[in-house]
Amino acid sequence: MLDLGEVYDHPLPMFCDNKAAIYISRNSVFHERTKHIEVDCHFIREEILKNQVCTPFVTSERKLADFFTKPVTPSEEVSVWQSVAVCLKPQRSDRGFGVQKAVETLMLETRSLTYADGPIPVPVDNSFLIENVERISICDTGLASNEYHKILLFWQAKPVVHVFQLTEEGPGEDPSSGDVLSSFSEWLLPAKEFDRLWDSLIYENGLKQRLLRYAASALLFSEKCVDPCLVSWNRIILLHGPPGTGKTSLCKALAQKLSIQFNSRYSACQLVEVNAHSLFSKWFSESGKLVAKLFQKIQDMVEEETTLVFVLIDEVESLAAARQAALSGSEPSDSIRVVNALLTQLDRLKSWPNVIIMTTSNITAAIDIAFVDRADIKAYVGPPTLQARYEILRSCLQELVRAGILRYSQDHQDLVLPNYSTLKEKLHSLETTELEGSMLLCKRLLEAAEACKGLSGRTLRKLPFLAHASLPNPNCCDPGKFLNTLVETAQSEVSELQV
């Protein structure tokens with residue numbers, strides 16, 4: 001590795017899919033079955049003793065080196081569709097088809113050994129792409145790699161290019177509201193306001209993939225005219241959980257994501273965010289009429305079959321409060337009319353194939369059971385796990401370094417913070433006393449994530465700002481000192497929650 005110009009400050013991992021070979025390389029005890037052992041095993045044994053090499057175990061399916069020495073089995077030749085998102089520069093919307101063909105050619109010519117989420121550099125020698133494309137990125141490899149329980153290799157993937165252009169217009173309001181509080185806000189998608197929002201949201205494994213698969217199936221069933229009397233689906237999503245976990249942001253990011261993936265199927269996409277508080281009136285029975293009037297406007301939007309409409313109802317318990325409470329006298333009777341009107345309008349929208357309804361709630365027990373029963377997918381969005389907390393803080397630290405607020409020392413100029421799984425593997429292969437340099441920094445970041453237990457995702461995103469504001473000299477700070485302050489800030493936030 002030194003000959004290749006690569007310097008390691010920790011043992012070099014040599015992945016092996018044979019546990020017996022790993023045990024033999026670590027144990028110098030020989031018996032009759034190891035008397036003909038090769039010389040190279042003795043060499044590896046010596047390097048392990050010198051702490052130059054470590055031999056972590058890896059399953060045969062994830063051993064990429066086999067590609068160079070063994071034939072590909074038929075089960076590994078399965079091809080999966082891999083999304084490639086291409087964002088056009090402003091004022092370049094007329095070049096979409098040409099860009100798609102150019103990027104497809106680029107993907108075939110520059111195949112890498114594995115596919116992973118992240119940006120693809122635009123070739124500097126391709127003037128057409130340089131002129132028209134802002135960025136190219138591979139996305140959602142987890143959808144395929146989780147299915148096959150292995151790393152996605154290039155011969156297994158067929159890239160599907162989605163070309164899109166961000167809309168810079170802000171949210172629009174109900175034009176008929178006049179001086180009255182608008183009943184909804186709407187965005188044309190994909191919107192610049194929600195750009196990169198999907199990638200910034202970090203949840204437990206499988207939540208975002210589950211939502212993507214659900215939406216794709218719901219639209220497919222509608223397009224194929226599956227008889228709803230035999231197979232029922234309502235295209236209603238309910239995300240519930242404690243405050244600050246990013247439920248509303250996830251709904252907006254999902255709408256943005258689907259508008260890009262289905263842009264070849266729908267010429268336009270809209271996100272309608274319902275302002276539930278504007279639908280209540282001091283006049284008896286007027287609230288139910290306002291709900292019906294709102295959904296009539298939404299129905300006018302979905303009548304255009306080439307438009308995909310996303311309806312977001314945040315804190316849906318405001319409109320779908322449990323009617324049992326009203327019967328007991330603890331809620332005004334007009335709330336029953338609101339719930340009845342909402343359920344009736346949702347049933348009417350079910351007949352339109354180009355609408356998806358997304359709802360969120362912090363108090364699931366307060367929602368009427370009839371609405372919960374109509375939701376196709378009910379996903380709990382809880383507090384971030386240790387892995388999610390680490391990934392959130394890692395992305396924050398990387399952004400502060402990119403912005404120049406934090407600066408690495410000369411010894412760590414090229415430091416790339418590993419993801420959670422990679423860090424755990426490295427820490428497992430090293431002794432605590434052997435940690436130094438960059439690994440100490442990564443270990444400190446993990447300790448910061450552990451100290452944030454109990455904090456919401458919203459609070460985690462604020463922690464780096466609060467920590468920076470606590471520094472005695474915020475204009476000059478290295479990541480090591482910043483992480484120490486970050487741990488103290490996290491402990492302070494957790495202690496305030498326990499008061």
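**Figure 1. The whole chain, with its confidence.** The protein averages a pLDDT of 81, and 78% of the residues score at least 70. Keep in mind while browsing that this is a predicted model. Confidence peaks in strand β9, at a mean of 96, and bottoms out in helix α6 (residues 141-148), at 52. There are 18 helices and 13 strands to find your way around. Of the 499 residues, 44% are buried. Among contacts with a separation of 6 or more, 78% join residues 24 or more positions apart.

**Figure 2. A stretch to take lightly: residues 144-150.** Here pLDDT stays under 50. The model still gives these residues 11 contacts beyond four places in sequence. Where pLDDT is low, the predicted coordinates should not be read in detail.

**Figure 3. The second largest cavity and its lining.** The structure holds two cavities of 30 Å³ or more, and this close-up is on the second largest, with about 30 Å³ of space. Rolling a probe the size of a water molecule over the atoms shows where empty space is left. Who lines the second largest cavity? The residues are L393, C396, L397, L445, P464, F482, L483 and L486. The lining is made up of eight nonpolar residues, with no polar and no charged ones. Helices α14 (386-402) and α18 (479-497) each chip in at least two lining residues.

**Figure 4. L445, a lining residue up close.** L445 is one of the residues around the second largest cavity, and its home is helix α16 (residues 438-451). Its relative accessible area is 0%, so L445 is buried. L393, also part of that lining, is 52 residues from L445 in sequence, yet their C-alpha atoms sit 7.6 Å apart. Setting aside neighbours within four places in sequence, L445 is in contact with Y390, L393, R394, L417 and L483. Of these partners, L393 and L483 also appear in the cavity lining.

**Figure 5. An edge-to-face pair, F221 and W233.** The count of aromatic pairs comes to three. In the pair shown here, the ring centres of F221 and W233 are 5.5 Å apart and the planes stand at 80°, which makes the pair edge-to-face because planes over 60 degrees apart are classed that way. F221 belongs to helix α8 (residues 207-223), while W233 is in the loop between α8 and β9 (236-240), so the pair ties together parts that are 12 residues apart in sequence. Is each ring's residue buried or exposed? F221 is partly exposed, with a relative accessible area of 33%, whereas W233 is buried, at 12%.

**Figure 6. Two positive phi angles in the loop between α8 and β9.** Stay in this loop for a pair of backbone oddities. C225 is in the loop and has a positive phi of about 55° although it is not a glycine. R235 is found in the loop between α8 and β9 too, and its phi is near 55°, again positive in a residue other than glycine. Which of the two is buried and which is exposed? C225 counts as exposed, at 66% relative accessibility, but R235 counts as buried, at 2%.

**Figure 7. A cis peptide bond ahead of P190.** The bond from L189 to P190 is cis, with omega near -5°. P190 is in the loop between β8 (184-189) and α7 (197-200). The other partner in the bond, L189, turns up again in the next view, where F310 touches it.

**Figure 8. F310 and its neighbours.** F310 is in strand β11 (residues 307-313). Its relative accessibility is 0%, so F310 counts as buried. Not counting residues up to four places away in sequence, F310 touches L189, A255, L258, S259, Q270, L271, V272, I356 and M358. One of these contacts, L258, is 52 residues from F310 along the chain, with the C-alpha atoms separated by 9.7 Å.

**Figure 9. P11, ahead of the first strand.** P11 is found in the segment before β1 (12-13). With a relative accessible area of 5%, P11 is buried. P11 and T55 are 44 residues apart along the chain, and their C-alpha atoms are separated by 9.3 Å.

How values were computed: Residues numbered from 1 in each chain as written. Predicted model: local features only at pLDDT ≥ 70, side-chain atom pairs only at ≥ 80, totals over all residues. Heavy atoms only, no water. 1 Å grid on protein atoms, 1.4 Å probe; cavity = no way out; pocket = protein on both sides within 12 Å on 5 of 7 lines; lining within 4 Å. Points joined across faces, edges and corners; volume = space filled by probe spheres on them. Helix = DSSP H or I, 4+ residues; strand = E, 2+ residues; numbered from the N terminus. Nonpolar A, V, L, I, M, F, W, Y, C, P; charged D, E, K, R; others polar. Phe/Tyr/Trp six-rings, centres within 6.5 Å; stacked < 30°, edge-to-face > 60°. Buried < 20%, exposed > 50% of the residue type's maximum accessible area, 1.4 Å probe, protein only. pLDDT = per-residue confidence, 0-100. Contact = heavy atoms within 4.5 Å.
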